[in-house]
Amino acid sequence: MRIDLHTHSNRSDGTDSPADLVRNARAAGLDVVALTDHDHTVGWDEAVETAADVGIGLVRGIEISTTFQGHSVHLLGYEFDQHDGALNDELERVRQGRDQRIPTMLAKLAEQGYPITMEDLTRHSRDAAASGRPHFADALVEKYPARFPDRDAVFDGWLNDGGLAYVKRYSAPLQTAIELIKAAGGLAVVAHPWSSKRSRVLTRDVFAALVDAGLDGIEVDHNDHDEATRVELRSIANELDLVVTGSSDYHGTGKKADFFLGCNTTHPDEYERLFGR
Ligand code: AMP
Ligand code: ZN
Ligand code: FE
Ligand code: FE
């Protein structure tokens, strides 16, 4: 059983349609794949339908942009009620935050001598229900290839937190997001908590408090975690009786090549433990 619990389609900042993502997951030899687009669930139906056709297990998920003590934390939610009112209200606030920052980001880029238009941007985000910084990156790579050869070149110094075109946006408070997922009948797993791009605000004691809020697991096996980081996170998870997951965070051709489907997987026992909760 090969299980990958974190992937993105072009309904957020991935490049595959939900159907293609599911077909590619099957071709990559996965038995179970979770679709976890940023901040919404519009890809679920298409993914579920295709999964039934090609014969692969499909977990319906989301990756919510949250904040803890001023730091960005990504929260994976699985198999919750898609129509839960309180959860949808909060997700709508997060998505509005994504859209509201767009004019300011466009203005900052123009100020720095690299103007792009709303049309340039929507050419890259037209399939997405939630716009993201990778769409800005793609528009800049297209328009200014000499200055920005790839997405990394745009994130570096420009789109990364504190960069020249960076604009802070609303994120859901982490504990609130966990509670909303749980109240909607779902499971909550913190995504790549000690990613090299994040500071380690989520200490063991913080994780213990998040367990009280309903947290179910920690994504330990992720390409942003080196071996030592994984060992340390695994021991915290074991101590707190949290499920350990592993996943690719696949974004299609839009992310680095080493984030391929199934590059990290979740052990079947941990998968059983998560969905047995
Ligand atoms: P946003 O959702 O607008 O906050 O943008 C953050 C997203 O950009 C993350 O979830 C990643 O998927 C993506 N990202 C971050 N750094 C990079 C990078 N260097 N290259 C490509 N995508 C990135
Ligand atoms: Zn993403
Ligand atoms: Fe993430
Ligand atoms: Fe992700």
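This note walks through the two metal sites, the ligand pocket and two backbone angles of a predicted model.

1. **The zinc site.** Start with the zinc ion (ligand 2). Asp13, His38 and His251 coordinate the zinc ion, at 2.0 to 2.6 Å. Asp13 appears twice in the list of donors, each time through OD. Both histidines, His38 and His251, use NE2. Along the chain, the donors follow the spacing D-x24-H-x212-H.

2. **What the zinc donors join.** Asp13 sits in the loop between strand S1 (3–4) and helix H1 (18–27), and His38 in the loop between strand S2 (32–35) and helix H2 (44–54), so this pair ties together parts that are 25 residues apart in sequence. Are these two residues buried or exposed? Asp13 has a relative accessible area of 8%, so it counts as buried, the cut-off being under 20%. His38 is buried too, with a relative accessible area of 8%.

3. **The iron site.** Now turn to the iron ion (ligand 3). Its donors are Glu63 (OE), His74 (ND1) and His192 (NE2), at 2.1 to 2.2 Å. Note the atom names: His74 binds through ND1, while His192 binds through NE2. The spacing of the donors along the chain is E-x10-H-x117-H.

4. **What the iron donors join.** Which parts of the chain does the pair Glu63 and His192 link? Glu63 belongs to strand S3 (residues 57–68). His192 is in the loop between strand S6 (187–190) and helix H9 (204–213). The two are 129 residues apart, and the pair links distant parts of the chain. Both Glu63 and His192 are buried.

5. **The two metals together.** How far apart are the zinc ion and the iron ion? The distance between ligand 2 and ligand 3 is 5.7 Å. Find both ions in the view before going on to ligand 1.

6. **Who surrounds ligand 1.** There are 14 residues around ligand 1. Those that come nearest are Arg101, Arg133, Asp152, Arg169 and His251. By class, the shell has 8 charged, 4 polar and 2 nonpolar residues.

7. **Polar contacts of ligand 1.** Three contacts deserve a look. A polar side-chain atom of Asp152 is 2.8 Å from a nitrogen atom of ligand 1. The side chain of His251 has an N or O atom 2.9 Å from an oxygen atom of the ligand. For Asp13, a side-chain N or O atom is 3.4 Å from an oxygen atom of ligand 1. Recall that Asp13 and His251 also coordinate the zinc ion.

8. **How covered ligand 1 is.** On its own, ligand 1 has 490 Å² of accessible area, and the protein covers 90% of that. Helix H6 (133–143) and helix H7 (151–159) are the elements that give two or more residues to the shell. H7 gives the most, with 3 residues.

9. **Two backbone angles to check.** Most residues other than glycine have a negative phi. Glu79 has a positive value, near 50 degrees. Glu79 lies in the loop between strand S4 (71–78) and helix H3 (85–100). With a relative accessible area of 27%, Glu79 is partly exposed. Asp249 also has a positive phi, near 60 degrees. Its place is in the loop between strand S8 (243–246) and helix H11 (268–275). Asp249 is buried, with a relative accessible area of 3%.

Conventions. Residues are numbered from 1 along each chain as its sequence is written. Chains are lettered from A and ligands numbered from 1 in the order in which they are written. This is a predicted model: local features need pLDDT of at least 70, side-chain atom pairs count only at pLDDT 80 or more; totals for chains, interfaces and linings use all residues. Side-chain values use heavy atoms; hydrogens and water are left out. Helices (H or I, at least four residues) and strands (E, at least two) are DSSP runs, numbered from the N terminus. Buried means under 20% relative accessible area, exposed over 50%, partly exposed in between (1.4 Å probe, protein chains only). Donors are N, O and S atoms within 2.8 Å of the metal (3.2 Å for Na, K and Ca); water is not among the atoms, so sites may look incomplete. A residue is near a molecule or strand if one of its heavy atoms lies within 4 Å of it. A polar contact is a pair of N or O atoms within 3.5 Å; within protein, one must be able to donate a hydrogen and the other to accept it, and residues adjacent in sequence count only if both atoms are side-chain atoms. Accessible areas come from the Shrake-Rupley method with a 1.4 Å probe; for residues, only the protein chains shown count as cover. Ala, Val, Leu, Ile, Met, Phe, Trp, Tyr, Cys and Pro count as nonpolar, Asp, Glu, Lys and Arg as charged, and the others, Gly among them, as polar.
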